[in-house]
Amino acid sequence: VLLEVAGYFERIELAAPAIWLERKGKRGAQVLEKLQSATFPDGKPYVWVSGESKLATSVRRYLVNERSFAKKDIYFCGYWRANRPAYD
């Protein structure tokens with residue numbers, strides 16, 4: 001699990017192990033960087049991605065285009081768009 005937060009104070013206790021990334025610079029940049037250096041276990045993967053819309057899309061594109069994941073094995077959902085109001 002990769003989780004990006006603005007700072008240490010946003011971390012919460014989780015039941016599963018997680019890698020906490022404190023945002024430095026562009027939103028989502030550290031998540032993509034960490035993902036690009038990640039080693040995946042053998043076997044058939046399934047990925048669940050959620051978060052800011054552009055980040056979720058970027059993660060899916062990377063996994064499909066660079067890591068040859070099948071699109072059907074990735075669930076992705078952009079829950080919000082950065083710098084836009086929640087309701088128009």
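At the start of helix H2, a side-chain oxygen of Glu52 comes to within 2.9 Å of the backbone nitrogen of Lys54, a polar contact in the sense of a pair of N or O atoms within 3.5 Å, where within protein one must be able to donate a hydrogen and the other to accept it, and residues adjacent in sequence count only if both atoms are side-chain atoms. The model is predicted, and local features need pLDDT of at least 70, side-chain atom pairs count only at pLDDT 80 or more, and totals for chains, interfaces and linings use all residues. Residues are numbered from 1 along each chain as its sequence is written, and side-chain values use heavy atoms, with hydrogens and water left out.

Helix H2 covers residues 53-65, and its 13 residues reach 18 Å from the first C-alpha to the last, close to the 18 Å expected at 1.5 Å a residue. Among the buried residues of H2 (under 20% relative accessible area, with exposed over 50% and partly exposed in between, for a 1.4 Å probe and protein chains only) are Leu55, Ala56, Val59 and Leu63. An α-helix has 3.6 residues a turn, so residues three or four places apart point the same way.

The surroundings of this helix include the second largest pocket, with a volume of about 310 Å³. Of its 14 lining residues, Lys26, Arg27, Glu52, Lys54 and Leu55 lie nearest its centre, so that Glu52 and Lys54, the two residues of the contact described above, appear again here. H2 gives the most to this lining, with 4 residues.The largest pocket holds about 970 Å³ of space. A pocket is here an open set of points, on a 1 Å grid over the protein atoms alone, where a 1.4 Å probe fits and protein lies on both sides within 12 Å along at least five of seven lines, and lining residues have an atom within 4 Å of a point. Of the 36 residues that line the largest pocket, Val1, Leu2, Leu3, Val31 and Trp48 are the closest to its centre. Strand E3 gives the most to this lining, with 6 residues; helices (at least four residues) and strands (at least two) are DSSP runs numbered from the N terminus.

Trp48 also takes part in a stacked aromatic pair with Tyr75, at 6.0 Å centre to centre and 20° between the planes, where rings pair if their centres lie within 6.5 Å, and planes under 30 degrees apart count as stacked, over 60 as edge-to-face and the rest as tilted. This pair links strand E3 to strand E4 across 27 residues, with Trp48 exposed at 53% relative accessible area and Tyr75 partly exposed at 33%.

Notes: The expected span of a helix is 1.5 Å times one less than its number of residues. Grid points are joined across faces, edges and corners, and a volume is the space filled by probe spheres set on the points.
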